[in-house]
Amino acid sequence: MDVLKDTRPNADDVISFLKTNFFCTVSHVEELKAYEDKNFYFRIVERGHNQWDDIGNVTEFVVKVTKCEEMSELKWKSIKKILNCLLHNGFTCTKLLTSYKIEKNGKKFLVLLLNYIPGSPLMYHWSKLNKTTVIEQVGEMVANLHNTLQTLDPSLLAVEIDKEDAWVLENARVMLGYLIAIKDVNEREIIESIIKQFVNMMEQNDEHFTRGIVHGDLHDMNLIVNWKDGQLQPHCKASGNYTVKDLFGIIDFSDMCVSCYIYEVGQIIRDLMVSTCPDNCYSVAVTFLSGYLKCRKLNQHELNILYFSIMTALCQYYVISEYKFHGQTDNEYAKEGAKEACQLIKAFHSMGDTFMSFLSKFLQNEFNIDLIHST
């Protein structure tokens, strides 16, 4: 549980790299919040000729710096194919422009130049927006995203599956080894019970869950939006009709992997709960599903594991934060949401029956679906 030591390239290192390789003049640089990578926003005013064939005429872009052993070039080539597919299908999302390797303090890093999507993260705007409307819109967008990703060959990312990555929900068992970091005995017992119940349900029903490529880190910091008069505005400038795909700019695909879609649904609902602090255990879930189920089906097994998917995802925020980042004061983003997740766990850990009851009524009333509740 050592505090992570930051040996990654900083803004000055990246500026020097850009000047050396692209002969450009940087007019503005801003470090962006990141979990373990380093992300920077750059604006340039001058550049050398014939140096930007892969980039075109962009003057604003994002630079992501990650350790080579954590993000292979092979994976980014696969991700580039996936992003091109999403762009072709009408999504507003990150585009990988080019990549390079640099070295600092004897360590190799991968530098990724990405297009800049104008706007700011949804996280900062909840107080100005109609939460119910936006959560439903997020649900509809995610369903469309899952439908598109499911058309792709999972073998694009199959070699990248890390069985020890506790952020992948199907690896929830890994968190049991992290519980030593939870000092409160009652909290530890509650969390252990949640994880074990989820793992048990997962192992009994895993073959019934739809699998495919997932974003892997889809939350309101990775959804770029623009808003006016309390409503989200489309990213496209053209007038006329638009869809939910146009409302959200999706970024940070570095955690893409092959997993079950219902697990990502649970993680997204978790993030929406952490950001909006609901006063009950079901309102965010049913609002999200109002949008999601309009475009994509979930089967009985997936609906039955949803509550424990959400609760185990809340455990991820709290347990991993305490285990890996306890005492790290220079990266508050690494512990973002942990306190709120702990509060939600305490408030809702014993409300599984209440959740399933409201979910059942919602499904019957809105989608004429009879939920067969299994334990």
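**Phe-288 and the nonpolar cores**

Trainee: In this predicted model, is Phe-288 buried or exposed?

Mentor: The residue to consider, Phe-288, lies in helix 7, residues 283-292. The cut-off for burial is a relative accessible area under 20%. Because the relative accessible area of Phe-288 is 0%, this residue is classed as buried.

Trainee: By what distance are the C-alpha atoms of Phe-288 and Thr-133 separated?

Mentor: Along the chain, Phe-288 and Thr-133 are 155 residues apart. Beyond four places in sequence, the contacts of Phe-288 include Ile-135, Val-138, Gly-139 and Val-142. The separation between the C-alpha atoms of Phe-288 and Thr-133 is 9.3 Å.

Trainee: Which helix gives the largest share of the largest nonpolar core?

Mentor: That core has 103 residues, and those touching the most other members are Val-138, Phe-288, Tyr-292 and Phe-355. Its largest share, 12 residues, is supplied by residues 306-325, which form helix 9.

Trainee: Which residues does Val-138 contact, leaving aside neighbours within four places in sequence?

Mentor: Val-138 and Phe-288 both belong to the residues that touch the most other members of the largest core. With sequence neighbours within four places left aside, the contacts of Val-138 are Leu-122, Leu-223, Phe-248, Ile-268, Leu-272 and Phe-288.

Trainee: In the hairpin of strand 5 and strand 6, which residue takes a positive phi?

Mentor: Strand 5 (residues 96-104) pairs with strand 6 (residues 107-115) in the antiparallel sense, over 8 bridges. Within this pairing, Glu-103 has Lys-108 of strand 6 as its bridge partner. There are 2 residues between the strands, and the positive phi, near 55°, belongs to Asn-105.

Notes. Residues are numbered from 1 along each chain as its sequence is written. This is a predicted model: local features need pLDDT of at least 70, side-chain atom pairs count only at pLDDT 80 or more; totals for chains, interfaces and linings use all residues. Side-chain values use heavy atoms; hydrogens and water are left out. Two strands pair if DSSP finds at least two bridges between them. Helices (H or I, at least four residues) and strands (E, at least two) are DSSP runs, numbered from the N terminus. Buried means under 20% relative accessible area, exposed over 50%, partly exposed in between (1.4 Å probe, protein chains only). Contact means heavy atoms within 4.5 Å. A nonpolar core is a set of buried Ala, Val, Leu, Ile, Met, Phe, Trp, Tyr and Cys residues joined through side-chain atoms within 4.5 Å.
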